[in-house]
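I opened my notebook beside the model and looked things up one by one. Here is what I wrote down, in the order I went.

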Amino acid sequence: MPSGVSSITAPHVVVAGAGPVGCVAAAVLAGADVRVTLIEASPSPPRELRASTFHPATLEMLRPYGVVDEMIARGLVARHFAYRDRHVGVVARFDLDELRDITNYPFRLQCEQFKLCEILLEKFVSNPLIDVRFSSAIEAVEQRSEGAAAVLTSGETIEADAVIGADGASSAVRKSLGCTFDGMTYADRYLVVSTPYELSDHMPDLSYVNYVSDPDEWMVLLRTVDLWRALFPVSDDETDGQALSDESAERRLQGVVAKPTAYEVAHRAIYRVHQRVADRFRVGRAVLVGDAAHVNNPLGGMGMNGGVHDAVLLAGGLAGLLHGTVTDQQFDGYAALRRQLALDFVQRHTHENAVTLATPDASIRAEALEQMIERAANVDTAYDYLLQASMIKAVWAMETELRAIDAYPFG
Ligand SMILES: Cc1cc2nc3c(=O)[nH]c(=O)nc-3n(C[C@H](O)[C@H](O)[C@H](O)COP(=O)(O)OP(=O)(O)OC[C@H]3O[C@@H](n4cnc5c(N)ncnc54)[C@H](O)[C@@H]3O)c2cc1C
(Lines give C-alpha, C1' and ligand atoms only; values in the text may rest on other atoms or scores of the structure.)
Protein backbone atom coordinates (compact mmCIF):
# COMPACT_ATOMS: atom_id res chain seq x y z
CA MET A 1 0.00 0.00 0.00
CA PRO A 2 1.48 3.43 -0.90
CA SER A 3 2.43 5.96 1.77
CA GLY A 4 0.01 6.34 4.60
CA VAL A 5 -3.40 6.53 2.81
CA SER A 6 -5.89 3.79 3.65
CA SER A 7 -7.78 2.20 0.78
CA ILE A 8 -11.02 3.32 2.48
CA THR A 9 -10.18 7.03 2.68
CA ALA A 10 -8.32 7.21 -0.65
CA PRO A 11 -10.15 9.04 -3.46
CA HIS A 12 -11.66 6.74 -6.08
CA VAL A 13 -11.45 6.97 -9.89
CA VAL A 14 -13.09 4.72 -12.49
CA VAL A 15 -10.93 4.16 -15.58
CA ALA A 16 -12.70 2.93 -18.72
CA GLY A 17 -10.50 0.64 -20.87
CA ALA A 18 -7.52 -1.58 -20.01
CA GLY A 19 -5.60 -0.77 -23.19
CA PRO A 20 -2.08 0.66 -22.81
CA VAL A 21 -3.34 4.12 -21.89
CA GLY A 22 -5.94 2.98 -19.36
CA CYS A 23 -3.42 0.64 -17.71
CA VAL A 24 -0.86 3.45 -17.41
CA ALA A 25 -3.53 5.81 -16.02
CA ALA A 26 -4.41 3.18 -13.38
CA ALA A 27 -0.73 2.75 -12.42
CA VAL A 28 -0.24 6.52 -12.12
CA LEU A 29 -3.38 6.96 -9.99
CA ALA A 30 -2.55 4.08 -7.65
CA GLY A 31 1.03 5.35 -7.39
CA ALA A 32 -0.48 8.61 -6.14
CA ASP A 33 -2.68 6.93 -3.48
CA VAL A 34 -5.89 6.88 -5.50
CA ARG A 35 -8.19 3.85 -5.58
CA VAL A 36 -8.97 2.64 -9.11
CA THR A 37 -11.71 0.55 -10.65
CA LEU A 38 -10.44 -0.41 -14.11
CA ILE A 39 -13.31 -1.47 -16.36
CA GLU A 40 -12.48 -3.45 -19.54
CA ALA A 41 -15.10 -4.52 -22.08
CA SER A 42 -13.13 -7.56 -23.35
CA PRO A 43 -13.09 -10.79 -21.36
CA SER A 44 -9.26 -10.76 -21.19
CA PRO A 45 -6.40 -8.35 -21.94
CA PRO A 46 -6.65 -7.44 -25.66
CA ARG A 47 -3.79 -8.98 -27.69
CA GLU A 48 -4.48 -7.17 -30.97
CA LEU A 49 -1.28 -6.34 -32.89
CA ARG A 50 -1.29 -2.56 -33.07
CA ALA A 51 1.35 -0.21 -31.69
CA SER A 52 4.79 -1.74 -31.45
CA THR A 53 7.07 1.26 -30.93
CA PHE A 54 7.85 3.02 -27.66
CA HIS A 55 9.75 6.28 -28.04
CA PRO A 56 12.52 7.44 -25.65
CA ALA A 57 10.29 10.12 -24.08
CA THR A 58 7.63 7.51 -23.28
CA LEU A 59 10.13 5.07 -21.77
CA GLU A 60 11.36 7.92 -19.53
CA MET A 61 7.77 8.57 -18.39
CA LEU A 62 7.16 4.87 -17.69
CA ARG A 63 10.40 4.49 -15.74
CA PRO A 64 8.95 5.27 -12.25
CA TYR A 65 6.38 2.48 -12.69
CA GLY A 66 9.01 -0.29 -12.84
CA VAL A 67 8.01 -1.70 -16.24
CA VAL A 68 10.73 -0.59 -18.64
CA ASP A 69 13.36 -3.25 -17.91
CA GLU A 70 10.83 -6.00 -18.54
CA MET A 71 9.59 -4.29 -21.71
CA ILE A 72 13.19 -4.12 -22.96
CA ALA A 73 13.65 -7.80 -22.09
CA ARG A 74 10.52 -8.66 -24.09
CA GLY A 75 11.22 -6.28 -26.99
CA LEU A 76 13.90 -5.20 -29.46
CA VAL A 77 16.14 -2.17 -29.13
CA ALA A 78 16.05 -0.22 -32.42
CA ARG A 79 18.93 2.22 -32.54
CA HIS A 80 18.20 3.42 -36.08
CA PHE A 81 15.21 4.26 -38.22
CA ALA A 82 15.51 4.73 -41.94
CA TYR A 83 13.82 6.15 -45.00
CA ARG A 84 14.31 3.96 -48.05
CA ASP A 85 13.50 4.14 -51.72
CA ARG A 86 12.03 0.80 -52.74
CA HIS A 87 14.48 0.41 -55.61
CA VAL A 88 17.54 2.35 -54.41
CA GLY A 89 17.64 1.18 -50.76
CA VAL A 90 18.45 3.44 -47.78
CA VAL A 91 18.29 7.17 -48.59
CA ALA A 92 18.27 8.62 -45.04
CA ARG A 93 19.13 6.95 -41.74
CA PHE A 94 18.75 8.45 -38.26
CA ASP A 95 20.79 7.24 -35.27
CA LEU A 96 18.94 7.61 -31.96
CA ASP A 97 22.18 6.99 -30.09
CA GLU A 98 22.91 10.69 -30.81
CA LEU A 99 20.44 11.36 -27.97
CA ARG A 100 22.47 9.37 -25.41
CA ASP A 101 23.39 12.49 -23.38
CA ILE A 102 19.78 13.51 -22.79
CA THR A 103 17.93 10.23 -22.30
CA ASN A 104 18.49 6.89 -20.59
CA TYR A 105 16.83 5.27 -23.61
CA PRO A 106 18.51 6.48 -26.85
CA PHE A 107 16.49 4.07 -29.02
CA ARG A 108 12.99 3.11 -30.09
CA LEU A 109 11.81 0.04 -28.26
CA GLN A 110 10.00 -2.37 -30.57
CA CYS A 111 7.57 -3.99 -28.14
CA GLU A 112 3.91 -4.73 -28.82
CA GLN A 113 1.48 -2.61 -26.79
CA PHE A 114 -0.21 -5.68 -25.30
CA LYS A 115 3.05 -6.55 -23.52
CA LEU A 116 2.90 -3.27 -21.56
CA CYS A 117 -0.71 -4.10 -20.62
CA GLU A 118 0.25 -7.62 -19.55
CA ILE A 119 3.14 -6.39 -17.40
CA LEU A 120 0.98 -3.76 -15.68
CA LEU A 121 -2.08 -6.01 -15.23
CA GLU A 122 0.18 -8.60 -13.60
CA LYS A 123 1.36 -5.95 -11.11
CA PHE A 124 -2.23 -4.82 -10.44
CA VAL A 125 -3.16 -8.29 -9.11
CA SER A 126 -1.22 -7.63 -5.90
CA ASN A 127 -2.09 -3.92 -5.62
CA PRO A 128 -4.95 -3.40 -3.12
CA LEU A 129 -5.75 0.00 -4.66
CA ILE A 130 -6.64 -1.42 -8.09
CA ASP A 131 -9.70 -3.51 -8.91
CA VAL A 132 -9.76 -4.77 -12.54
CA ARG A 133 -13.08 -5.87 -14.01
CA PHE A 134 -13.09 -7.64 -17.38
CA SER A 135 -16.24 -8.28 -19.52
CA SER A 136 -17.67 -5.04 -18.20
CA ALA A 137 -18.36 -1.98 -20.35
CA ILE A 138 -19.11 1.64 -19.55
CA GLU A 139 -22.14 3.06 -21.32
CA ALA A 140 -22.26 6.59 -19.92
CA VAL A 141 -20.80 9.04 -17.43
CA GLU A 142 -22.95 11.18 -15.15
CA GLN A 143 -21.59 14.27 -13.40
CA ARG A 144 -22.23 14.62 -9.65
CA SER A 145 -21.80 17.77 -7.54
CA GLU A 146 -18.62 16.29 -6.00
CA GLY A 147 -17.63 13.56 -8.45
CA ALA A 148 -18.83 11.45 -11.35
CA ALA A 149 -20.54 8.12 -11.86
CA ALA A 150 -19.89 5.42 -14.44
CA VAL A 151 -23.01 3.71 -15.74
CA LEU A 152 -22.21 0.22 -17.04
CA THR A 153 -24.05 -1.56 -19.85
CA SER A 154 -25.17 -4.10 -17.21
CA GLY A 155 -27.18 -1.30 -15.55
CA GLU A 156 -24.84 -1.04 -12.54
CA THR A 157 -23.74 2.47 -11.55
CA ILE A 158 -20.33 3.02 -9.91
CA GLU A 159 -20.08 6.25 -7.89
CA ALA A 160 -16.57 7.76 -7.89
CA ASP A 161 -14.66 11.01 -7.50
CA ALA A 162 -13.89 11.06 -11.24
CA VAL A 163 -13.98 8.97 -14.43
CA ILE A 164 -11.19 8.64 -16.99
CA GLY A 165 -12.20 7.61 -20.51
CA ALA A 166 -9.37 5.48 -21.98
CA ASP A 167 -11.86 3.43 -23.97
CA GLY A 168 -10.36 3.87 -27.43
CA ALA A 169 -11.33 5.64 -30.64
CA SER A 170 -15.05 4.83 -30.42
CA SER A 171 -15.11 5.96 -26.77
CA ALA A 172 -18.50 5.63 -25.08
CA VAL A 173 -17.23 8.08 -22.44
CA ARG A 174 -16.47 10.74 -25.08
CA LYS A 175 -19.89 10.30 -26.70
CA SER A 176 -21.65 10.42 -23.36
CA LEU A 177 -19.89 13.70 -22.50
CA GLY A 178 -21.12 15.22 -25.78
CA CYS A 179 -17.59 16.00 -27.03
CA THR A 180 -17.05 16.39 -30.77
CA PHE A 181 -14.29 14.43 -32.56
CA ASP A 182 -13.51 16.58 -35.57
CA GLY A 183 -10.81 15.96 -38.15
CA MET A 184 -10.33 14.00 -41.34
CA THR A 185 -10.18 10.45 -42.69
CA TYR A 186 -7.45 9.45 -45.16
CA ALA A 187 -8.60 8.12 -48.54
CA ASP A 188 -6.44 4.98 -48.31
CA ARG A 189 -6.94 2.22 -45.75
CA TYR A 190 -3.83 0.56 -44.31
CA LEU A 191 -3.17 -3.17 -44.50
CA VAL A 192 -0.77 -4.78 -42.00
CA VAL A 193 0.68 -8.19 -42.89
CA SER A 194 3.15 -9.96 -40.57
CA THR A 195 5.55 -12.74 -41.50
CA PRO A 196 8.32 -14.64 -39.69
CA TYR A 197 10.38 -14.65 -42.93
CA GLU A 198 13.73 -12.91 -42.29
CA LEU A 199 13.51 -9.99 -44.74
CA SER A 200 16.82 -8.52 -43.55
CA ASP A 201 18.71 -11.48 -45.07
CA HIS A 202 17.62 -10.19 -48.47
CA MET A 203 17.39 -6.39 -48.07
CA PRO A 204 20.78 -4.77 -47.37
CA ASP A 205 20.99 -2.38 -44.40
CA LEU A 206 17.44 -2.98 -43.24
CA SER A 207 16.84 -1.20 -39.91
CA TYR A 208 14.23 -2.42 -37.43
CA VAL A 209 12.06 0.58 -38.50
CA ASN A 210 11.89 1.52 -42.21
CA TYR A 211 9.69 3.94 -44.14
CA VAL A 212 9.86 2.85 -47.78
CA SER A 213 8.98 5.26 -50.56
CA ASP A 214 7.77 4.16 -54.00
CA PRO A 215 5.65 5.82 -56.72
CA ASP A 216 3.34 2.78 -56.95
CA GLU A 217 3.22 1.33 -53.44
CA TRP A 218 4.89 2.87 -50.39
CA MET A 219 5.21 0.73 -47.26
CA VAL A 220 6.53 0.57 -43.71
CA LEU A 221 8.64 -2.39 -42.57
CA LEU A 222 8.92 -2.90 -38.81
CA ARG A 223 10.63 -5.65 -36.89
CA THR A 224 9.18 -7.05 -33.69
CA VAL A 225 10.80 -9.87 -31.71
CA ASP A 226 9.11 -12.63 -33.72
CA LEU A 227 7.93 -11.06 -36.94
CA TRP A 228 8.43 -8.53 -39.69
CA ARG A 229 5.34 -6.34 -39.98
CA ALA A 230 4.69 -4.75 -43.37
CA LEU A 231 2.15 -1.94 -43.70
CA PHE A 232 0.75 -1.15 -47.17
CA PRO A 233 -1.82 1.33 -48.48
CA VAL A 234 -5.12 0.00 -49.86
CA SER A 235 -7.00 2.14 -52.38
CA ASP A 236 -10.73 2.23 -53.14
CA ASP A 237 -10.23 -0.27 -55.98
CA GLU A 238 -9.93 -3.10 -53.45
CA THR A 239 -12.53 -4.26 -50.92
CA ASP A 240 -11.46 -5.15 -47.37
CA GLY A 241 -12.01 -8.84 -48.23
CA GLN A 242 -9.79 -8.64 -51.32
CA ALA A 243 -7.02 -6.82 -49.42
CA LEU A 244 -7.13 -9.39 -46.61
CA SER A 245 -7.05 -12.40 -48.96
CA ASP A 246 -4.13 -14.86 -49.18
CA GLU A 247 -3.53 -13.72 -52.76
CA SER A 248 -3.16 -10.06 -51.70
CA ALA A 249 -0.77 -10.87 -48.81
CA GLU A 250 1.33 -13.09 -51.05
CA ARG A 251 1.46 -10.56 -53.90
CA ARG A 252 2.42 -7.72 -51.60
CA LEU A 253 5.09 -9.67 -49.70
CA GLN A 254 6.56 -11.06 -52.94
CA GLY A 255 6.86 -7.39 -53.97
CA VAL A 256 9.02 -6.75 -50.89
CA VAL A 257 11.34 -9.75 -51.35
CA ALA A 258 10.63 -12.18 -54.22
CA LYS A 259 11.11 -15.83 -53.28
CA PRO A 260 10.20 -19.14 -54.90
CA THR A 261 8.02 -20.44 -52.05
CA ALA A 262 4.88 -18.93 -50.57
CA TYR A 263 5.09 -16.63 -47.54
CA GLU A 264 3.98 -17.74 -44.11
CA VAL A 265 1.57 -15.05 -42.89
CA ALA A 266 1.25 -14.84 -39.11
CA HIS A 267 -1.31 -12.05 -38.89
CA ARG A 268 -3.15 -9.54 -41.08
CA ALA A 269 -5.49 -6.62 -40.42
CA ILE A 270 -6.95 -3.64 -42.27
CA TYR A 271 -7.64 -0.20 -40.82
CA ARG A 272 -9.27 3.03 -41.84
CA VAL A 273 -7.01 5.88 -40.72
CA HIS A 274 -8.11 9.19 -39.19
CA GLN A 275 -6.67 12.37 -37.73
CA ARG A 276 -9.18 13.55 -35.09
CA VAL A 277 -9.07 15.38 -31.76
CA ALA A 278 -11.87 15.78 -29.18
CA ASP A 279 -12.95 19.39 -28.57
CA ARG A 280 -12.25 19.03 -24.80
CA PHE A 281 -10.16 16.56 -22.80
CA ARG A 282 -11.87 17.49 -19.51
CA VAL A 283 -15.58 17.87 -18.78
CA GLY A 284 -16.23 18.42 -15.06
CA ARG A 285 -14.98 15.31 -13.25
CA ALA A 286 -14.47 13.31 -16.46
CA VAL A 287 -11.24 13.18 -18.47
CA LEU A 288 -10.38 11.76 -21.90
CA VAL A 289 -6.99 10.22 -22.68
CA GLY A 290 -5.39 8.21 -25.50
CA ASP A 291 -7.40 7.24 -28.57
CA ALA A 292 -10.59 8.34 -26.80
CA ALA A 293 -9.17 11.89 -27.00
CA HIS A 294 -7.19 11.83 -30.26
CA VAL A 295 -6.41 9.49 -33.15
CA ASN A 296 -3.83 9.84 -35.90
CA ASN A 297 -2.24 7.81 -38.66
CA PRO A 298 0.29 5.26 -37.36
CA LEU A 299 3.25 6.61 -39.41
CA GLY A 300 5.80 7.63 -36.81
CA GLY A 301 4.19 5.55 -34.06
CA MET A 302 2.83 8.37 -31.94
CA GLY A 303 -0.78 7.48 -31.10
CA MET A 304 -0.20 5.21 -28.15
CA ASN A 305 2.91 7.13 -27.13
CA GLY A 306 0.95 10.39 -27.01
CA GLY A 307 -1.77 8.55 -25.10
CA VAL A 308 0.73 7.39 -22.46
CA HIS A 309 1.89 11.02 -22.12
CA ASP A 310 -1.78 12.07 -21.59
CA ALA A 311 -2.19 9.37 -18.96
CA VAL A 312 0.91 10.38 -17.00
CA LEU A 313 0.01 14.08 -16.88
CA LEU A 314 -3.78 13.86 -16.62
CA ALA A 315 -4.04 10.90 -14.22
CA GLY A 316 -1.25 12.47 -12.13
CA GLY A 317 -2.98 15.87 -12.28
CA LEU A 318 -6.32 14.31 -11.39
CA ALA A 319 -4.75 12.62 -8.35
CA GLY A 320 -3.42 16.05 -7.33
CA LEU A 321 -6.86 17.60 -7.80
CA LEU A 322 -8.49 14.94 -5.62
CA HIS A 323 -5.81 15.29 -2.93
CA GLY A 324 -6.08 19.09 -3.02
CA THR A 325 -2.53 19.76 -4.30
CA VAL A 326 -3.61 20.81 -7.83
CA THR A 327 -6.22 23.54 -8.30
CA ASP A 328 -9.22 23.22 -10.57
CA GLN A 329 -7.77 25.91 -12.80
CA GLN A 330 -4.37 24.20 -13.00
CA PHE A 331 -6.05 20.94 -13.94
CA ASP A 332 -7.98 22.75 -16.70
CA GLY A 333 -4.57 23.95 -17.89
CA TYR A 334 -3.21 20.36 -17.99
CA ALA A 335 -6.16 19.18 -20.09
CA ALA A 336 -5.95 22.13 -22.50
CA LEU A 337 -2.19 21.59 -22.83
CA ARG A 338 -2.49 17.89 -23.68
CA ARG A 339 -5.06 18.79 -26.35
CA GLN A 340 -2.80 21.47 -27.82
CA LEU A 341 0.15 19.05 -27.91
CA ALA A 342 -1.98 16.43 -29.66
CA LEU A 343 -2.67 19.04 -32.36
CA ASP A 344 0.74 20.73 -32.54
CA PHE A 345 3.02 17.70 -32.27
CA VAL A 346 1.33 14.36 -32.80
CA GLN A 347 -1.09 15.35 -35.56
CA ARG A 348 1.45 17.57 -37.31
CA HIS A 349 4.33 15.07 -37.23
CA THR A 350 2.28 12.04 -38.27
CA HIS A 351 0.59 13.98 -41.08
CA GLU A 352 4.03 15.14 -42.27
CA ASN A 353 5.06 11.47 -42.39
CA ALA A 354 1.96 10.66 -44.43
CA VAL A 355 2.86 13.41 -46.91
CA THR A 356 6.47 12.18 -47.19
CA LEU A 357 5.37 8.66 -47.96
CA ALA A 358 1.83 8.55 -49.11
CA THR A 359 0.51 11.73 -50.69
CA PRO A 360 -0.87 10.92 -54.18
CA ASP A 361 0.97 13.86 -55.79
CA ALA A 362 4.34 12.43 -56.90
CA SER A 363 6.10 15.82 -57.01
CA ILE A 364 5.05 16.69 -53.41
CA ARG A 365 6.19 13.25 -52.28
CA ALA A 366 9.54 13.56 -54.04
CA GLU A 367 10.11 17.02 -52.55
CA ALA A 368 9.25 15.78 -49.03
CA LEU A 369 11.63 12.83 -49.37
CA GLU A 370 14.36 15.15 -50.67
CA GLN A 371 13.90 17.31 -47.54
CA MET A 372 14.25 14.19 -45.38
CA ILE A 373 17.50 13.28 -47.16
CA GLU A 374 18.88 16.83 -46.61
CA ARG A 375 17.77 16.72 -42.96
CA ALA A 376 19.63 13.44 -42.32
CA ALA A 377 22.77 14.69 -44.05
CA ASN A 378 23.26 17.68 -41.71
CA VAL A 379 24.28 17.04 -38.09
CA ASP A 380 22.15 19.86 -36.63
CA THR A 381 18.98 19.21 -38.62
CA ALA A 382 19.31 15.45 -38.05
CA TYR A 383 19.61 16.05 -34.28
CA ASP A 384 16.61 18.37 -34.33
CA TYR A 385 14.59 15.75 -36.21
CA LEU A 386 15.61 13.06 -33.71
CA LEU A 387 14.30 15.26 -30.88
CA GLN A 388 10.98 15.58 -32.71
CA ALA A 389 10.62 11.94 -33.81
CA SER A 390 11.55 10.63 -30.34
CA MET A 391 8.82 12.89 -28.82
CA ILE A 392 11.41 14.52 -26.54
CA LYS A 393 10.55 17.91 -28.07
CA ALA A 394 6.85 17.38 -27.29
CA VAL A 395 7.70 16.62 -23.65
CA TRP A 396 10.00 19.64 -23.40
CA ALA A 397 7.20 21.82 -24.78
CA MET A 398 4.82 20.34 -22.19
CA GLU A 399 7.26 21.01 -19.36
CA THR A 400 7.89 24.60 -20.51
CA GLU A 401 4.15 25.33 -20.64
CA LEU A 402 3.55 23.73 -17.23
CA ARG A 403 6.29 25.85 -15.68
CA ALA A 404 4.77 28.94 -17.34
CA ILE A 405 1.42 28.29 -15.64
CA ASP A 406 3.24 27.45 -12.39
CA ALA A 407 1.88 23.90 -12.41
CA TYR A 408 4.91 21.71 -12.98
CA PRO A 409 4.07 18.41 -11.28
CA PHE A 410 7.23 16.35 -11.92
CA GLY A 411 9.86 16.65 -9.19
C1 LIG B 1 -1.71 -0.76 -37.37
C2 LIG B 1 -1.49 0.19 -36.25
C3 LIG B 1 -0.20 0.43 -35.83
C4 LIG B 1 0.03 1.32 -34.80
N5 LIG B 1 1.32 1.58 -34.42
C6 LIG B 1 1.56 2.45 -33.43
C7 LIG B 1 2.89 2.65 -32.92
O8 LIG B 1 3.86 2.00 -33.35
N9 LIG B 1 3.06 3.55 -31.92
C10 LIG B 1 2.00 4.24 -31.39
O11 LIG B 1 2.23 5.08 -30.49
N12 LIG B 1 0.73 4.03 -31.81
C13 LIG B 1 0.48 3.15 -32.80
N14 LIG B 1 -0.81 2.89 -33.16
C15 LIG B 1 -1.92 3.49 -32.44
C16 LIG B 1 -2.19 2.74 -31.13
O17 LIG B 1 -2.48 1.39 -31.38
C18 LIG B 1 -3.32 3.41 -30.36
O19 LIG B 1 -3.05 4.79 -30.27
C20 LIG B 1 -3.43 2.79 -28.95
O21 LIG B 1 -3.96 1.49 -29.01
C22 LIG B 1 -4.31 3.66 -28.06
O23 LIG B 1 -4.39 3.08 -26.79
P24 LIG B 1 -5.67 3.30 -25.89
O25 LIG B 1 -5.40 2.57 -24.63
O26 LIG B 1 -6.01 4.75 -25.85
O27 LIG B 1 -6.86 2.64 -26.71
P28 LIG B 1 -7.08 1.11 -27.09
O29 LIG B 1 -5.79 0.42 -27.30
O30 LIG B 1 -8.07 1.11 -28.21
O31 LIG B 1 -7.73 0.48 -25.79
C32 LIG B 1 -9.05 0.79 -25.42
C33 LIG B 1 -9.57 -0.32 -24.51
O34 LIG B 1 -10.86 0.04 -24.05
C35 LIG B 1 -11.72 -1.08 -24.15
N36 LIG B 1 -13.08 -0.54 -24.29
C37 LIG B 1 -13.67 -0.03 -25.39
N38 LIG B 1 -14.91 0.44 -25.11
C39 LIG B 1 -15.08 0.24 -23.77
C40 LIG B 1 -16.14 0.55 -22.86
N41 LIG B 1 -17.25 1.16 -23.28
N42 LIG B 1 -15.99 0.21 -21.55
C43 LIG B 1 -14.84 -0.40 -21.12
N44 LIG B 1 -13.80 -0.71 -21.95
C45 LIG B 1 -13.93 -0.38 -23.24
C46 LIG B 1 -11.22 -1.84 -25.35
O47 LIG B 1 -11.60 -3.21 -25.29
C48 LIG B 1 -9.72 -1.65 -25.23
O49 LIG B 1 -9.11 -2.65 -24.44
C50 LIG B 1 -1.07 1.98 -34.18
C51 LIG B 1 -2.38 1.71 -34.58
C52 LIG B 1 -2.59 0.82 -35.60
C53 LIG B 1 -4.00 0.56 -36.02
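The entries below go from the domains to the core, the ligand, two helices and a few single residues.

**Entry 1: domains**

I reminded myself first that this is a predicted model. Then I looked up how the protein is divided, and found domain 1 (12-78 + 107-182 + 276-404) and domain 2 (185-273). I noted 27 Å between the C-alpha centres of domain 1 and domain 2. To their contact, domain 1 gives 17 residues and domain 2 gives 20 residues. On the side of domain 1 that touches domain 2, I listed the elements that give two or more residues: strand 4 (76-78), strand 7 (108-110), helix 9 (328-358) and helix 10 (362-377). Sorted by class, that side of domain 1 has nine nonpolar, five polar and three charged residues.

**Entry 2: the core**

Next I went for the largest nonpolar core, and I counted 126 residues in it. V15, A25, L29, V163, I164, V289 and A311 have the most contacts inside this core. Helix 8 (residues 303-323) supplies the largest share, 11 residues. Where does this core lie with respect to domain 1 and domain 2? Both domains give residues to the core, so I placed it between them. I jotted a general reminder in the margin: in soluble globular proteins, nonpolar side chains tend to be buried together.

I then picked A25 for a closer look. Leaving out residues up to four places away in sequence, A25 touches V15, I164, A166, V289, A311 and A315.

**Entry 3: around the ligand**

I turned to the ligand and found 34 residues surrounding it. The closest are G17, G19, G168, G290 and G303. Which elements give two or more residues to this shell? I wrote down helix 1 (20-31) and helix 8. The largest share, four residues, comes from helix 8. By class, I have 17 nonpolar, 13 polar and four charged residues in the shell.

**Entry 4: helix 8**

Helix 8 had come up in both the core and the ligand shell, and I gave it an entry of its own. Its 21 residues reach 30 Å from the first C-alpha to the last, close to the 30 Å expected at 1.5 Å a residue. How many of the residues of helix 8 are buried? I got 19 of the 21, so helix 8 is largely enclosed by the rest of the structure. Just after helix 8, I saw G324 with a positive phi of about 85°.

**Entry 5: helix 1 and D33**

I checked the length of helix 1 too: at 1.5 Å a residue, its 12 residues should span 16 Å, and its end C-alpha atoms are 16 Å apart, which agrees. Helix 1 is mostly covered, with 11 of its 12 residues buried. Among the buried ones are P20, C23, A25 and L29. I looked for what covers them, and the list includes strand 1 (12-16), strand 2 (35-39), helix 4 (113-124), strand 8 (130-133), strand 12 (162-165) and helix 8.

Just after helix 1, I stopped at D33, whose phi is positive at about 60°. I noted that D33 is a residue other than glycine. D33 sits in the loop between helix 1 and strand 2. Is D33 buried or exposed? I marked it buried, because 20 other C-beta atoms lie within 10 Å and 20 or more is the cut-off.

**Entry 6: S135**

I found another positive phi outside glycine at S135, near 55°. S135 lies in the loop between strand 8 and strand 9 (138-144). With 11 other C-beta atoms within 10 Å, S135 is exposed.

**Entry 7: E264**

I located E264 in the loop between helix 7 (246-256) and strand 17 (267-278). E264 is exposed, with 11 other C-beta atoms within 10 Å. Its contacts, not counting residues up to four places away in sequence, are T195, P196 and Y197. I also took the C-alpha distance from E264 to D246, 18 residues apart in sequence, and got 10.0 Å.

**Entry 8: F81**

My last stop was F81, in strand 5 (residues 80-85). F81 is buried, with 24 other C-beta atoms within 10 Å. Apart from residues up to four places away in sequence, F81 touches F94, R108, S207 and V209. F331 is 250 residues from F81 along the chain, and I noted 36 Å between their C-alpha atoms.

Notes. Residues numbered from 1 in each chain as written. Predicted model: local features only at pLDDT ≥ 70, side-chain atom pairs only at ≥ 80, totals over all residues. Core = buried A, V, L, I, M, F, W, Y, C linked by C-beta atoms within 7 Å. Domains from an automatic or database assignment. Contact = placed C-beta atoms within 7 Å. Near = placed C-beta within 6 Å. Nonpolar A, V, L, I, M, F, W, Y, C, P; charged D, E, K, R; others polar. Expected span 1.5 Å × (residues − 1).
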